[in-house]
Amino acid sequence: MSSSAATVAAELFRGLSHWRGRRAFHPYGVGFAGELERLDGGAALPAEIGGEAIVRLSRSLGAPEWLPDPCGLALRVPDAYGPGSHQDLLLASSGQAPLARHLLLPSRGFYDRPYSSILPYRLAGKMVVMLALPKRGRGAGPLLAELRERDRGDLEFELAIASLRGAPRPVARLHLGHRLPADPTERLDFDPCQQRWRPGARGLAQQAARAELRRQPGGARLGVCAAASARLAQAARPVAAPSGSRLGSLAA
């Protein structure tokens with residue numbers, strides 16, 4: 001992968017971002033406080049992955065909601081490896097069968113399809129695909145406009161790990177709680193390539209998107225990401241958790 005090719009692609013992404021006035025892809029989203037509950041199979045996950053999380057649900061192309069659009073699930077475990085050192089995981093609506101996990105598929109709602117990392121991750125020396133499986137029995141699930149009106153997400157996903165040809169193995173359960181403030185959510189810079197648990201393959205589009213996400217429309221450096229993440233991490237932290245739940249009200 002030549003750096004010049006990645007630079008050209010990044011400029012194309014940046015031009016599209018400038019034209020739209022927001023991110024080139026996944027331009028519209030909504031954030032929720034999340035809670036990661038490790039399951040019995042969670043020993044495969046790094047010990048730091050669990051507890052409080054920040055989740056952004058989005059639509060890839062920003063098409064009208066009556067049109068199917070690949071949906072995105074971005075997950076951050078804030079300060080997983082120390083202050084300011086987060087673990088990010090980016091997933092998109094896809095298939096669950098081995099070959100289908102590498103396809104980006106349109107979705108009618110946020111429960112319509114499984115979510116996949118598309119690219120394999122290197123975890124404990126093995127190449128695996130990360131999946132988020134929606135809770136069954138709820139149809140296609142809510143649309144983005146409906147989620148923006150909810151005080152709580154009240155959605156549940158099962159995180160799973162699968163070898164390139166194997167069946168998914170559940171490792172954690174993700175619960176979505178209170179909706180987070182819109183402005184810092186939209187300023188988050190999710191980047192799974194910087195952390196210890198990262199994709200094992202990096203393509204042209206991934207490099208270009210990574211460069212584009214680090215800039216505001218017009219090419220200005222997005223220097224507020226750390227502050228936005230800190231604000232959201234504080235907002236996601238429970239202050240008075242109800243019985244039976246580790247999520248409480250959002251901090252003011």
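This section describes the confidence of a predicted model and the surroundings of two of its residues, Thr185 and Ala92.

The structure examined here is a predicted model. Averaged over the chain, the pLDDT is 74, and 65% of the residues reach a score of at least 70. Two stretches with lower scores may be named. Residues 202-225 have a pLDDT below 50, and the model gives this stretch 56 contacts beyond near neighbours in sequence. For residues 238-252 the pLDDT likewise stays under 50; here the model contains 35 contacts beyond four places in sequence.

Ala92 is located in strand β4, which spans residues 87-93. Its relative accessible area is 8%, and Ala92 is therefore classed as buried, the cut-off for this class being under 20%. When residues up to four places away in sequence are set aside, Ala92 is in contact with Cys71, Gly72, Leu104, Pro114, Tyr115 and Ser116. A further spatial relation links Ala92 to Arg59: the two residues are separated by 33 residues in sequence, while their C-alpha atoms lie 9.1 Å apart in space.

Thr185 belongs to a helical element, α3, formed by residues 182-186. Thr185 is likewise assigned to the buried class because its relative accessibility is 2%, set against the cut-off of under 20%. A polar contact is also present at this position: the side chain of Thr185 reaches the backbone oxygen of Pro181 at a distance of 2.7 Å.

Taken together, Ala92 in strand β4 and Thr185 in helix α3 are both buried, with relative accessibility values of 8% for Ala92 and 2% for Thr185.

Methods: Residues numbered from 1 in each chain as written. Predicted model: local features only at pLDDT ≥ 70, side-chain atom pairs only at ≥ 80, totals over all residues. Heavy atoms only, no water. Helix = DSSP H or I, 4+ residues; strand = E, 2+ residues; numbered from the N terminus. Buried < 20%, exposed > 50% of the residue type's maximum accessible area, 1.4 Å probe, protein only. Polar contact = N/O pair within 3.5 Å; in protein donor to acceptor, adjacent residues only side chain to side chain. Contact = heavy atoms within 4.5 Å. pLDDT = per-residue confidence, 0-100.
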